[in-house]
Amino acid sequence: GKRGASDIVVYAGEEMAAHSTQWLVVQAELRHALARDELVLHYQPKVDLRSGEVASVEALVRWQHPQRGLLPPSEFLPAAEQSGLIEPLTAWVLRRALADQAHWTSTGRCWSVSVNVSARNLEKPGFAEFVAGLVAEYGTSPGQLLLEVTETALAADARRAAQTVVDLSSRGIGISVDDFGTGFTGMSQLLGLPIAEVKIDRTFVADVLDSPQSQAIVRAVIALAHGLGSRVTAEGVETADVAYWLRRAGCDEAQGYLYSRPVPWLEIPMYEITGAAS
Ligand code: C2E
Ligand code: CA
Ligand code: CA
Ligand code: CA
């Protein structure tokens with residue numbers, strides 16, 4: 001018969017129930033995954049556009065699921081953020097990344113490491129102290145650790161997040177503003193915050209050769225970041241032409257499939273990346 005308002009309510013209810021059941025399954029599985037060490041880190045290099053050398057590497061988490069294979073973060077991070085599991089997850093990622101960094105540093109590769117953190121991590125009191133404690137535990141250098149925070153995370157609870165950022169930076173740990181240009185944080189919120197790096201979102205990088213708007217945005221971000229004393233990294237660099245344009249525009253570092261996909265750290269290209277410095 002005719003579909004009434006009550007049908008829609010029931011239908012929406014069923015869909016939500018199915019949705020949350022699925023999430024509960026993911027959450028339960030993720031809790032096990034953390035306990036069973038099923039998470040893995042892949043690393044993607046950031047390349048210095050002037051020297052062509054790997055300057056640092058970003059840790060990107062994956063889940064080696066026993067049935068479903070290697071899962072990208074989009075499959076489980078939202079559930080982790082909703083459930084509070086993001087705290088043990090971030091702690092796991094930090095430990096793994098610092099342990100790996102201690103290894104590659106001992107073999108002469110002085111790469112900084114970047115770890116992505118969520119808004120919820122920044123809002124947790126004592127987070128800066130916790131991270132500094134881990135750095136001390138692994139014997140790495142706080143100046144060689146960068147925490148990538150999305151622009152929206154900084155906007156979520158601005159005062160609390162800003163406090164954590166200041167605390168981290170006073171302990172020598174760098175802050176990177178990720179996906180810059182996609183949120184509405186605006187410049188004013190960044191002013192006064194000790195930001196080591198600004199990462200230009202790949203949506204602007206992808207079409208920088210064709211779009212005057214993207215060119216204007218990228219140039220403006222570079223000028224702003226340099227004006228604040230921050231380094232600028234472009235993400236999603238897929239072609240040599242884009243890398244060349246960015247270098248000419250004064251961008252400091254680049255990251256993307258042109259150089260390497262995220263890989264286990266042993267597979268990070270060790271050759272000098274040619275073509276960047278010409
Ligand atoms: P993000 O931090 O912006 O990371 C960049 C994403 O773009 C990565 O996806 C990377 O694989 C992909 N990418 C890199 N170069 C290129 C390129 O040249 N072209 C294209 N099309 N894509 C490229 P991934 O690994 O799936 O990560 C997605 C997001 O998940 C990350 O975005 C980050 O926000 C989040 N994430 C990853 N690992 C962690 C983590 O350990 N903790 C937290 N809180 N978030 C994480
Ligand atoms: Ca990132
Ligand atoms: Ca990003
Ligand atoms: Ca992103």
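Strands here are DSSP runs of E, at least two residues long, numbered from the N terminus. I keep that in mind for the pocket entry below. The model is a predicted one.

**Pocket.** I looked up the largest pocket and got a volume of about 980 Å³. It has 38 lining residues, and those closest to its centre are E58, L60, P73, N116 and D178. Which element gives the most to this lining? I found β2, with five residues. Among the other elements that give two or more residues are α2 (77–83), β4 (112–117) and β6 (174–180). I then sorted the lining by character: 16 residues are nonpolar, 11 polar and 11 charged.

**Calcium.** D178 came up again at the calcium ion (ligand 3). The protein donors there are D178 (OD), D179 (OD) and E235 (OE), with E235 (OE) listed twice. They lie 2.1 to 2.8 Å from the ion. Along the chain I read their spacing as D-D-x55-E. The calcium ion (ligand 2) sits 4.2 Å from ligand 3, and D178 coordinates both.

I checked burial for the two aspartates. Is D178 buried or exposed? D178 has a relative accessible area of 7%, so it counts as buried. D179 is at 23% relative accessibility and therefore counts as partly exposed.

**Core.** I turned to the largest nonpolar core, which holds 76 residues. Y43, L147 and L246 touch the most other members. Helix α3 (residues 86–106) supplies the largest share of this core, eight residues. I followed L246 further. Beyond its neighbours within four places in sequence, L246 contacts L49, V205, V218, A234, V237 and C251.

Methods: Residues numbered from 1 in each chain as written. Chains lettered and ligands numbered in written order. Predicted model: local features only at pLDDT ≥ 70, side-chain atom pairs only at ≥ 80, totals over all residues. Heavy atoms only, no water. Core = buried A, V, L, I, M, F, W, Y, C linked by side-chain atoms within 4.5 Å. Buried < 20%, exposed > 50% of the residue type's maximum accessible area, 1.4 Å probe, protein only. Helix = DSSP H or I, 4+ residues; strand = E, 2+ residues; numbered from the N terminus. Contact = heavy atoms within 4.5 Å. 1 Å grid on protein atoms, 1.4 Å probe; cavity = no way out; pocket = protein on both sides within 12 Å on 5 of 7 lines; lining within 4 Å. Points joined across faces, edges and corners; volume = space filled by probe spheres on them. Nonpolar A, V, L, I, M, F, W, Y, C, P; charged D, E, K, R; others polar. Donors = N, O, S within 2.8 Å, 3.2 Å for Na, K, Ca; no water.
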